[in-house]
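Please examine the sequence and the three-dimensional structure shown below. The briefing that follows is arranged by topic for a first-year reader.

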Amino acid sequence: MSNTISISTAEAIHLLKELITIPSFSREEDKTAEQIGLFFAHKGIPHFRIGNNIYALNKYFDESKPTILLNSHHDTVKPNKAYTLNPFSPVEKDGRLYGLGSNDAGGPLVALLAAFLFFYDRSDLKYNIVYAASAEEEISGKNGIEYLLNSPSFNPPGRKWAFALVGEPTQMQMAVAEKGLLVLDCTAAGIAGHAAREEGDNAVYRAIKDIEWFSSFRFPRVSDFLGPVKMSVTVIETENKAHNVVPSQCSFVTDIRVNELYTFEEILDIIKSNVNCNVKPRSLRLKSSSIALDHSIVKAGLEAGRTCYGSPTTSDKALIPFPALKIGPGDSARSHTADEYIYIDEIKKGIELYVEMLGKVL
């Protein structure tokens, strides 16, 4: 790799350390947005802010060309109670960089930024490049990448989006498909009564019948990359505070991970035709998604020795309405863990691979 890459790697790691020191919980990312803006300003690169989202365009941006989006997020979850290190104090030890958000998704965030800088002032690109550091990914909030894509200044009418690279810790393997997330609030209705007498219609028993269906039903379409649709009942409750009242209502929550072979509407139709409870989806936003295996950026990754897989977890990929590939340094198994870390070498290799893949397309 060129000297530009090695310089960008050092700068990217320095920026990541600065970001780790700044709390950036979802909806509270204003200070990290400011820090990323200062990084661009120091480079003399024009940049723009919408809410807590920061973005920049390549130097020779030409609206007549199709555009590539490089996106990752700068918000984090809150540190869990098992931390033994200060989550806001970056520590390098044994080739690792420790700190909250270092792996999810600080490493991918700064690696994509370094790749953006590598191509920033090239005048011969076939595509434009937009780098976007977005907010609220960890809570699938509406003021993150979705807010950007709905903003005319970021996404003016007529802009042609080619594809997106979504930076998440995937060990630099290619998540070509991603399960969607459908959360249902389910309510079974009964009739209240006294537990000591033969009266009432116990809503818990009605709910159990539906819960058994959720537990045992198998959707027939199984994805090569994402496997089957998975349904899990995760919360159950009644309004009762007393032990001696037959509950008239029992509510439960069902978490459904949907493969790309079903629409949410199909899933809901099947469920409603099989259960008696009232079913209400919380959101229909986080749809399953996939990118064609013969897409140019996927083929570039295959040529670089990357493998393809389906991701069971959701990301901003679900909210991007054009082809998107999730890929980045780090390991999702470390996300949201105590004493989160990323290997320094993972960031370096991530930058190099981003540049190699984009170079084959640009």
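The points below cover a helix, a sheet, unusual backbone geometry, cavities and pockets.

The structure is a predicted model, in which local features need pLDDT of at least 70, side-chain atom pairs count only at pLDDT 80 or more, and totals for chains, interfaces and linings use all residues. Residues are numbered from 1 along each chain as its sequence is written, and side-chain values use heavy atoms, with hydrogens and water left out.

**Helix α2**

- Helices (H or I, at least four residues) and strands (E, at least two) are DSSP runs, numbered from the N terminus.
- Helix α2 covers residues 30-43, which makes 14 residues.
- From its first C-alpha to its last, α2 reaches 20 Å, close to the 20 Å expected at 1.5 Å a residue; the expected span is 1.5 Å times one less than the number of residues.
- Thr32, Ala33, Gln35, Ile36, Gly37, Phe39 and Phe40 of α2 are buried, where buried means under 20% relative accessible area, exposed over 50%, and partly exposed in between (1.4 Å probe, protein chains only).
- An α-helix has 3.6 residues a turn, so residues three or four places apart point the same way.
- Gly44, just after α2, takes a positive phi of about 75°.

**The four-stranded sheet**

- An open sheet of 4 strands follows the order β11-β13-β9-β14, with antiparallel pairing; two strands pair if DSSP finds at least two bridges between them.
- The edges are held by β11 (230-238) and β14 (278-281), each with a single partner strand, so one side of each has no neighbour in the sheet.
- Neighbouring strands of this sheet are turned by 25° against each other on average, direction ignored; the axes are lines fitted to C-alpha atoms, for helices over the stretch in contact, and angles run from 0 to 180 degrees between N-to-C directions.
- Strand β9 (residues 180-189) is joined to β14 by 4 bridges, and the two run antiparallel.
- Across from β9, Thr187 stands opposite Asn278 in β14, and Asp185 stands opposite Lys280 in β14.
- With strand β13 (residues 249-258), β9 shares 10 bridges, again antiparallel; Ala188 stands opposite Cys250 in β13.
- Of the 10 residues of β9, 7 are buried, so β9 is largely enclosed by the rest of the structure.

**Unusual backbone geometry**

- Most residues other than glycine have a negative phi, and most peptide bonds are trans.
- Asp104 and Ala105 are joined by a cis peptide bond, with omega about 0°, and Ala105 has its place in helix α3.
- Glu136 has a positive phi near 60° although it is a residue other than glycine.
- Glu136 lies in the loop between β6 (128-134) and α4 (145-149) and is buried, with a relative accessible area of 6%.
- Asp339, also not a glycine, has a positive phi of about 55°.
- Asp339 is found in the loop between β17 (324-326) and β18 (341-343) and is buried, with a relative accessible area of 17%.

**Cavities**

- On a 1 Å grid over the protein atoms alone, a cavity is a set of points where a 1.4 Å probe fits but cannot get out, and a pocket is an open set with protein on both sides within 12 Å along at least five of seven lines; lining residues have an atom within 4 Å of a point.
- Grid points are joined across faces, edges and corners, and a volume is the space filled by probe spheres set on the points.
- The count comes to 2 cavities of 30 Å³ or more.
- The largest cavity has a volume of about 110 Å³.
- It is lined by 18 residues, of which Leu19, Ser24, His74, Thr76 and Leu100 are the closest to its centre.
- Helix α3 gives the most to the lining of the largest cavity, with 4 residues.
- The second largest cavity has a volume of about 30 Å³, and its lining includes Asn58, Tyr60 and Arg122.

**Pockets**

- The largest pocket holds about 380 Å³ of space.
- Of its 20 lining residues, Asp104, Glu137, Glu168, Thr313 and Thr314 are the closest to its centre.
- The second largest pocket has a volume of about 200 Å³, and Gln171, Met172 and Arg306 are among the residues that line it.
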